[in-house]
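Me: I've got a protein to look at for class and I'm not sure where to start. Can we go through it together, one question at a time?

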Amino acid sequence: MARKGSLEAERQAIAKERQALEAREAKLRTSERAASVELMHKSVLGKAPFERVEAFFAALGKLGLDEAEKRLRAS
C-alpha cells in the first residue's frame, strides 16, 4: 500500500512540474512576441505606412516564409 501512495505522489509531482513548465513556455512566447514587435518597430517596416506594411504581409502570406526568405537572399 505504501508503494501505491508513493506512485501517486510521484504523479502529482510530475503534474506540478508540467504546469510550471507550461507557465514558463507561455511566458517565453510572450517575451518572443514582444521582441518581434520591437524588431519590427526598429526595422524599415516600422517606418512604412500601414497600407504598405499590410500589403507586404499579404504578399508574404501568399509566398510563404520559406519562399520569401529564398527570394530575399537571392536579391
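Below is a short chat about this predicted model, going from its domains to its side chains.

Me: Let's start big. How far apart do the C-alpha centres of domain 1 and domain 2 lie?

Reply: First, find the two parts: the domain assignment gives domain 1 as residues 1–42 and domain 2 as residues 49–74. Take the C-alpha centre of each one, and the separation between domain 1 and domain 2 comes to 33 Å.

Me: Okay, now helix H2. What span is expected for H2 at 1.5 Å a residue?

Reply: Helix H2 covers residues 50–63, and that makes 14 residues. The expected span is 1.5 Å times one less than the number of residues. From its first C-alpha to its last, H2 reaches 20 Å, which is close to the expected value of 20 Å.

Me: And which residue follows H2?

Reply: Look just past the end of H2, which runs over residues 50–63. The residue there has a positive phi, near 90°, and it is Gly 64.

Me: I spotted some rings. What kind of aromatic pair do Phe 56 and Phe 57 make?

Reply: A search of the whole structure turns up one aromatic pair. Its rings belong to Phe 56 and Phe 57, with centres 5.5 Å apart and planes at 75°. Planes over 60 degrees apart count as edge-to-face, so this pair is edge-to-face.

Me: Is Phe 57 buried, partly exposed or exposed, and why?

Reply: Buried means under 20% relative accessible area and exposed means over 50%, with partly exposed in between. Phe 57 has a value of 38%, so the label is partly exposed.

Me: What area does the nonpolar surface patch have?

Reply: Start with who's in it: Met 40, Phe 56 and Phe 57 make the patch. We've just placed Phe 57 as partly exposed, and Phe 56 is partly exposed too, at 38%. The patch comes to about 250 Å².

Me: On to charges. How many residues apart are Glu 8 and Arg 11 in helix H1?

Reply: The structure holds five salt bridges, and one of them joins the side chains of Glu 8 and Arg 11, at 3.5 Å from N to O. An α-helix has 3.6 residues a turn, so residues three or four places apart point the same way. Glu 8 and Arg 11 both sit in H1 (residues 2–42), about one turn of the helix from each other, and their spacing is three residues.

Me: Which of those two counts as exposed, Glu 8 or Arg 11?

Reply: The cut-off for exposed is over 50% relative accessible area. Glu 8 has 36%, so Glu 8 is partly exposed. At 52%, the exposed one is Arg 11.

Me: Last one! Which residues does the network of salt bridges link?

Reply: Go to helix H3, residues 65–74, where Lys 70 and Glu 67 lie three residues apart and form a salt bridge with the closest N and O atoms 3.9 Å apart. Arg 71 and Glu 67 lie four residues apart in H3, and their side chains meet in a salt bridge at 2.9 Å, N to O. Glu 67 takes part in both bridges, and the network links Glu 67, Lys 70 and Arg 71.

How values were computed. Residues numbered from 1 in each chain as written. Predicted model: local features only at pLDDT ≥ 70, side-chain atom pairs only at ≥ 80, totals over all residues. Heavy atoms only, no water. Domains from an automatic or database assignment. Patch = residues over 30% accessible without salt bridge, like charges linked within 9 Å, V, L, I, M, F, W, Y side chains within 5 Å. Areas by Shrake-Rupley, 256 points an atom, 1.4 Å probe, with all protein chains shown as cover. Salt bridge = Lys/Arg side-chain N within 4 Å of Asp/Glu carboxyl O. Helix = DSSP H or I, 4+ residues; strand = E, 2+ residues; numbered from the N terminus. Buried < 20%, exposed > 50% of the residue type's maximum accessible area, 1.4 Å probe, protein only. Phe/Tyr/Trp six-rings, centres within 6.5 Å; stacked < 30°, edge-to-face > 60°.
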